[in-house]
Amino acid sequence: MSESFIALSVCEDCLLFIANGIDDSTPQETVSGAENAAGWLMAGSEDLGFSWSHCEVCQRRLGGQRHRAWLDPH
Ligand SMILES: [Zn+2]
């Protein structure tokens, strides 16, 4: 992984959106967050476990599984 990539902690919904694109269950916050991201988002393979920290894509604060994603800045 390039050192210029920024590591993000993202929720399940955002990880699936980054990996597979939009579908009927994609939250609006995820779509908006991805549109506002300062670069290209890529799904990582690392499971970060349960966390109460906010998702760094959709910004929602629900507790849940967090996963690694990568941001390639513009
Ligand atoms: Zn999210």
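Leaving aside its neighbours within four places in sequence, which residues is Ile-18 in contact with? In this predicted model, the partners are Leu-41, Met-42, Ala-43 and Ala-69, where a contact means that two C-beta atoms, placed from the backbone, lie within 7 Å. Because the model is predicted, local features need pLDDT of at least 70 and side-chain atom pairs count only at pLDDT 80 or more, while totals for chains, interfaces and linings use all residues. Residues are numbered from 1 along each chain as its sequence is written.

Next comes the overall layout. The protein has 2 helices and 3 strands, arranged along the sequence as β-α-α-β-β; helices (H or I, at least four residues) and strands (E, at least two) are DSSP runs, numbered from the N terminus. Its C-alpha atoms fill a box of roughly 30 × 25 × 20 Å along the principal axes. For 74 residues, a compact globule would have a radius of gyration near 11 Å, and the protein agrees, with 11 Å. That radius is taken over C-alpha atoms, and the globule rule is 2.2 Å times the number of residues to the power 0.38. Among contacts with a separation of 6 or more, 70% link residues 24 or more positions apart.

As for the inside, 24% of the 74 residues count as buried. A residue is buried if 20 or more other C-beta atoms lie within 10 Å of its own, exposed if 12 or fewer, and partly exposed in between. The largest nonpolar core (buried Ala, Val, Leu, Ile, Met, Phe, Trp, Tyr and Cys residues joined through C-beta atoms within 7 Å) has 13 residues, and Val-10, Cys-14, Ile-18, Cys-55, Val-57 and Ala-69 touch the most other members. Strand S1 (6-11) and helix H1 (12-20) each supply at least two residues of this core, with the largest share, 4 residues, coming from H1.

H1 also packs against helix H2 (residues 28-36): their axes, lines fitted to C-alpha atoms over the stretch in contact, come within 10 Å. The axes cross at roughly 60 degrees, on a scale running from 0 to 180 degrees between N-to-C directions. The two helices are therefore oblique to each other, since angles under 35 degrees count as roughly parallel, over 145 as roughly antiparallel, 65 to 115 as roughly perpendicular and the rest as oblique. Asp-13, Cys-14 and Phe-17 of H1 meet Thr-30, Gly-33 and Ala-34 of H2 in this contact.

One backbone oddity is left. Gln-59 is not a glycine, yet has a positive phi of about 70 degrees. Gln-59 is found in the loop between strand S2 (39-51) and strand S3 (64-73), and counts as partly exposed because 14 C-beta neighbours lie inside 10 Å.
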